[in-house]
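Trainee: I would like to learn how to read a protein model one feature at a time. Could you take me through this one slowly, with the general idea before each case?

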Amino acid sequence: MVAVKDAAAADMKAAEKKTAPEDRRVTSAEMAKHSGEGDLWVAVQGKVYDVTSWLPHHPGGDLPLLSLAGQDVTDAFVAYHPASAWRVLDRYRVATLSDYAVSDVSRDYRRLVADFTKAGLFDRKGHGCAATLLAMCALLAGALWLVLATASVAAHMAAAAMLGFLWMQSGFLGHDSGHYPVMMRSSKGLNRAVQLVAGNCVAGISIGWWKRNHNAHHIACNSLDHDPDVQHMPLFAVSPRLFASLASAFYRRAMRFDAAARLLVSYQHWTFYPVMCVARANLFAQSLLLLLDEGTRVPGRMAELAGVAVFWLWYPWLVSRLPGGAGERAAFVLVSFAVTGIQHVQFCLNHFSAGTYVGRPRGDDWFQKQTRGTLDVACPPWMDWFHGGLQFQVEHHLFPRLPRCHLRRVAPVVRELCRKHGLPYQRCGFWEANVRTIRTLRAAAMKARAVAAAGGPPPKNLNLLWEAVNTHG
């Protein structure tokens with residue numbers, strides 16, 4: 001019986017191959033059946049592609065494709081891929097989507113992408129990379145001089161602060177290089193070198209780990225079970241829906257709301273800033289866990305490991321040169337971590353107080369999900385260096401390939417499109433963003449205390465009206 005079924009399946013596949021892709025028609029419901037790791041279809045502009053064999057080789061990793069498998073992914077595709085990527089698709093086409101439709105929001109969004117492309121905005125990067133590299137060199141040289149040439153404890157703490165700002169700038173540059181070639185001359189080799197130097201060698205963070213994490217975040221922005229950037233149990237819970245011990249699609253484990261989580265989350269609005277001061281240690285650990293995991297594909301693994309090794313040579317050596325003993329060295333490390341903790345706070349401000357949801361991301365509401373799950377931070381142009389483009393989070397999520405020097409320019413266009421379609425465009429000042437974040441954490445903390453006081457497991461049916469009011473203030 002099994003052999004008969006296998007033979008029938010083989011005959012069906014052979015018949016499918018004989019039909020030209022442009023002649024074969026499938027519905028969205030039929031395409032949705034091909035949504036597994038061993039059978040993965042997606043559609044782009046009404047054309048259906050079997051990308052199962054491409055999954056292990058996808059430059060953005062397997063998670064974005066797995067998250068959107070079996071769906072129309074046109075908006076996400078045009079957001080992330082240059083025109084050259086369309087040629088790669090042709091070899092995987094298997095059918096045409098018979099019920100393909102485009103919403104008004106998606107139509108306007110794609111028109112914007114086309115307009116920005118014609119204007120050359122995706123190609124013109126300015127001199128931001130060169131300026132950032134020069135600033136990083138100056139900060140590193142200054143920190144080295146203050147440690148090696150002075151005996152002042154105050155000067156040494158200033159050096160630690162300079163390293164913190166160095167890591168912030170390296171984080172911004174590594175972030176940009178993961179989305180588009182940051183050099184004026186678009187070269188994969190140069191871009192890769194910038195990634196390894198800025199991320200691995202200078203900051204000790206694997207760019208491979210960051211890309212895997214960050215791509216999953218962009219595709220599933222603020223999905224409580226698919227976006228790793230809102231999965232911080234047992235330390236933090238941005239929504240009471242996490243109390244149901246959701247399974248993380250990224251970490252592939254349950255985010256258990258156990259006794260320890262209930263206790264920690266109950267005080268998360270107090271522990272948020274202290275934890276952010278040392279959050280860098282988690283990035284070190286996550287980088288090493290990925291690079292040492294042979295079961296996960298990491299392009300250029302040996303180069304990544306070598307780059308991280310460079311960091312663990314120069315930074316401990318610099319700390320060891322401090323003359324004040326263990327106390328001064330511990331203070332030096334803490335100050336350097338705490339200063340760069342500002343950047344970790346920035347990452348959270350953009351999403352913690354925005355809308356969340358549970359489940360896989362959908363391919364037909366790209367614009368809506370990105371605007372509802374992100375928050376812009378208003379600041380004057382002269383403060384752009386401090387935020388590194390993260391202040392235009394809505395624009396960045398909608399157009400991740402857009403160099404940060406153009407984000408301020410396109411913000412009014414995005415704001416107008418949100419107004420046209422009745423979508424939120426969330427924007428506030430830096431301090432108000434902090435207040436909103438703490439308010440969100442406190443609301444979830446109070447709910448966690450109520451669950452703990454009641455005893456037993458968390459309730460299965462949470463009050464979503466309560467959550468909506470408290471999440472959005």
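## Reading the model

Mentor: Let us begin with Q45, which counts as partly exposed because its relative accessibility is 44%; buried means under 20% relative accessible area, exposed over 50%, and partly exposed in between, using a 1.4 Å probe and protein chains only. This is a predicted model, in which local features need pLDDT of at least 70 and side-chain atom pairs count only at pLDDT 80 or more, while totals for chains, interfaces and linings use all residues. Residues are numbered from 1 along each chain as its sequence is written, and side-chain values use heavy atoms, with hydrogens and water left out.

Trainee: Where does Q45 lie, and what is its phi near?

Mentor: Q45 lies in the loop between β3 (39–44) and β4 (47–50); helices (H or I, at least four residues) and strands (E, at least two) are DSSP runs, numbered from the N terminus. The phi of Q45 is near 50°, a positive value in a residue other than glycine. S245, which is not a glycine either, has a positive phi of about 55°. S245 belongs to the loop between α10 and β6, and it is partly exposed because its relative accessible area is 27%. A glycine with positive phi can be found too: G120, which follows α6, has a phi near 80°.

Trainee: Which residues are joined by a cis peptide bond?

Mentor: The value to look at is omega, which is about 10° for the cis peptide bond joining M233 and P234. P234 has its place in the loop between α10 and β6 (247–248).

Trainee: How many residues does helix α6 have, and what should they span?

Mentor: The expected span of a helix is 1.5 Å times one less than its number of residues. Helix α6 (residues 104–118) has 15 residues, so it should span 21 Å, and its end C-alpha atoms are indeed 21 Å apart. Helix α13 (residues 280–291), with 12 residues, reaches 17 Å from its first C-alpha to its last, close to the expected 16 Å.

Trainee: Which residues of α6 and α13 are buried?

Mentor: An α-helix has 3.6 residues a turn, so residues three or four places apart point the same way. In α6 the buried residues are V105, S106, D108, Y109, R110, L112, V113 and F116, and their cover includes α4 (74–80), α16 (366–372), α18 (393–398) and α19 (407–420). In α13 they are R280, L283, F284, Q286, S287, L290 and L291, with a cover that includes α8 (153–179), α9 (188–203), α10 (207–219), α14 (301–320) and α15 (325–349).

Trainee: What is A203 in contact with, leaving aside its neighbours within four places in sequence?

Mentor: Contact means heavy atoms within 4.5 Å, and with those neighbours left aside A203 touches W167, S170, A198, R280, F284 and F311. A203 lies in helix α9 and counts as buried, because its relative accessibility is 3%. Its C-alpha is separated by 8.9 Å from that of M168, although the two residues are 35 apart along the chain. A further case is T132 in helix α7 (residues 128–149), which is buried because its relative accessible area is 7%; leaving aside neighbours within four places in sequence, T132 is in contact with Q169, L173 and R404.

Trainee: At what angle do the axes of α8 and α10 cross?

Mentor: Axes are lines fitted to C-alpha atoms, for helices over the stretch in contact, and angles run from 0 to 180 degrees between N-to-C directions. The axes of α8 and α10 come within 10 Å and cross at roughly 65°, so these two helices are roughly perpendicular to each other; angles under 35 degrees count as roughly parallel, over 145 as roughly antiparallel, 65 to 115 as roughly perpendicular and the rest as oblique. Their crossing is right-handed, meaning that the near helix is turned clockwise from the far one by less than a right angle, whereas anticlockwise would be left-handed. The contact is made by G174, H175, S177, G178 and H179 of α8 and I207, W210, K211, H214 and H218 of α10. By class, this contact has two nonpolar, seven polar and one charged residues, where Ala, Val, Leu, Ile, Met, Phe, Trp, Tyr, Cys and Pro count as nonpolar, Asp, Glu, Lys and Arg as charged, and the others, Gly among them, as polar.

Trainee: How do the axes of helix α11 and helix α20 cross?

Mentor: The axes of helix α11 (residues 259–266) and helix α20 (residues 430–454) come within 8 Å and cross at roughly 140°, which makes α11 oblique to α20. The crossing of α11 and α20 is left-handed. R262, V265 and S266 in α11 meet A444, A445, A448, R449, V451 and A452 in α20, and by class this contact has six nonpolar, one polar and two charged residues.
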